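I opened my notebook to look up a few things in one structure. Here is what I checked, entry by entry.

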Amino acid sequence: MKIFLDTANLQQIKEAANWGILDGVTTNPSLISMENIPFEDLVKEICRVVAGPVSVECVSTKAKDIIKEAKGLAKLADNIVVKIPICLEGLKAIKVLSSEGIHVNTTLIFSPLQALLAAKAGARYVSPFVGRLDDISHDGMDLVDQILTIFDNYGFETELIVASIRHPLHFVESALMGADIATVPFGVLEKIIKHPLTDIGMERFIKDWGKVKRG
Ligand code: G3P
């Protein structure tokens with residue numbers, strides 16, 4: 001499973017890149033708005049630090065405007081993926097952009113058929129939002145399972161990014177289901193590395209090493 005970081009924070013991105021496990025980054029307008037850096041400078045710097053795909057979202061709502069905006073974003077760096085919310089105008093834009101070789105991550109996916117339509121239109125990625133479904137008492141991971149089955153049934157090459165991950169259990173379930181990618185907030189990534197028994201074990205080994213006789 002590829003691991004993406006769901007943030008626009010350069011410090012977090014640089015730190016995770018140092019851990020050697022970072023495959024890409026996803027941003028959205030809300031995450032970008034938290035950073036006090038001019039938009040284009042920020043995106044270019046993220047794309048320089050991260051070798052893999054970096055998703056940046058379009059906010060236009062008409063197909064022709066989405067296409068224009070996406071082409072502008074794609075020029076910022078070679079590893080840009082344009083994020084387009086699923087909707088009818090978005091579908092038209094996905095078709096055009098994908099046929100021109102621009103990679104699209106279809107975002108705000110909340111149903112399996114939205115994912116199917118995005119894949120048919122040529123999207124490179126779909127992003128089901130699991131946490132936001134859990135928030136309204138629907139099981140977000142059920143949606144991931146359904147999309148994976150549909151993509152497998154018809155041999156779609158579109159990759160599934162599990163998004164809106166809120167805790168390590170979402171991450172574990174993503175891996176067990178065979179999701180292609182999980183995009184995680186930095187805090188969740190930190191949590192999954194830690195285990196209390198690892199800490200206790202390390203402490204004991206270091207203590208016992210102090211008792212070892214050496215010549
Ligand atoms: O990047 C999109 C997604 O991961 C947002 O997550 O926590 O705002 O639902 P959240």
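**Entry: an aromatic pair**

I began with Phe110 in this predicted model. Is Phe110 buried, exposed or partly exposed? I found a relative accessible area of 31% for Phe110, so I wrote down "partly exposed". The cut-offs I used are under 20% for buried and over 50% for exposed. Next I looked up Phe129. Its relative accessibility is 6%, so Phe129 counts as buried.

Then I turned to the rings. I counted three aromatic pairs. One pair is Phe110 with Phe129: the ring centres are 5.7 Å apart and the planes stand at 70 degrees, so I noted it as edge-to-face. The edge-to-face label needs an angle over 60 degrees. I also checked where the two partners sit. Phe110 is in the loop between strand S5 (104–109) and helix H6 (112–121). Phe129 is in the loop between strand S6 (125–128) and helix H7 (130–135). The two are 19 residues apart, and the pair links distant parts of the chain. A reminder to myself: a pair of aromatic rings is described by the distance of the centres and the angle of the planes.

**Entry: the whole chain**

I stepped back to the overall picture. The protein chain has 11 helices and eight strands. Of its 215 residues, 45% count as buried. The C-alpha atoms fill a box of roughly 75 × 40 × 30 Å along the principal axes.

**Entry: strand S1 and its partners**

I moved to strand S1, residues 2–6. Four of its five residues are buried, so I called S1 mostly covered. Which strands pair with S1? One is strand S8 (residues 181–184), parallel to S1 over four bridges. There, Leu5 has Val184 as its bridge partner. Another is strand S2 (residues 24–26), which runs parallel to S1 and is joined to it by three bridges. Here Phe4 has Gly24 as its bridge partner. I then traced the chain from S1 through helix H1 (residues 10–18) to S2 and found a right-handed β-α-β crossover.

**Entry: strands S3, S4 and S5**

Strand S4 covers residues 80–85. Five of its six residues are buried. Strand S3 (residues 54–57) pairs with S4 in the parallel sense, over four bridges. In this pairing I found Ser55 opposite Val81. The chain goes from S3 to S4 by way of helix H4 (residues 63–74), and this β-α-β crossover is right-handed.

I followed S4 onward. S4 and S5 also pair in the parallel sense, over four bridges. Ile84 stands opposite Thr106 in S5. The route from S4 to S5 passes through helix H5 (residues 88–99), and this β-α-β crossover is right-handed.

**Entry: positive phi values**

I looked up Leu108 in strand S5. Its phi is near 60 degrees, which is positive in a residue other than glycine. Leu108 has 30% relative accessibility, so it counts as partly exposed.

I also looked up Ser164. It is not a glycine, yet its phi is positive, at about 60 degrees. Ser164 is in the loop between strand S7 (159–162) and helix H9 (168–177). Is Ser164 buried or exposed? Its relative accessibility is 10%, so I listed Ser164 as buried.

**Entry: the largest pocket**

Ser164 came up again here. The largest pocket has 17 lining residues, and Asp6, Asn28, Leu31, Arg132 and Ser164 lie nearest its centre. I noted a volume of about 240 Å³ for this pocket. How does its lining divide? I sorted the residues into six nonpolar, seven polar and four charged.

**Entry: two charged residues on helices**

Lys191 lies in helix H10 (residues 186–193). Its relative accessibility is 52%, so Lys191 counts as exposed. I took the C-alpha separation from Lys191 to Glu203 and got 19 Å, with the two 12 residues apart along the chain.

Glu45 sits in helix H3 (residues 39–49). At 21% relative accessibility, Glu45 counts as partly exposed, because the cut-off for buried is under 20%. From Glu45 to Ile109 the C-alpha separation is 28 Å, and the two are 64 residues apart along the chain.

Terms used: Residues numbered from 1 in each chain as written. Predicted model: local features only at pLDDT ≥ 70, side-chain atom pairs only at ≥ 80, totals over all residues. Heavy atoms only, no water. Buried < 20%, exposed > 50% of the residue type's maximum accessible area, 1.4 Å probe, protein only. Pairing = 2+ DSSP bridges. Right-handed = clockwise from strand over helix to strand, strands pointing away. 1 Å grid on protein atoms, 1.4 Å probe; cavity = no way out; pocket = protein on both sides within 12 Å on 5 of 7 lines; lining within 4 Å. Points joined across faces, edges and corners; volume = space filled by probe spheres on them. Nonpolar A, V, L, I, M, F, W, Y, C, P; charged D, E, K, R; others polar. Phe/Tyr/Trp six-rings, centres within 6.5 Å; stacked < 30°, edge-to-face > 60°.
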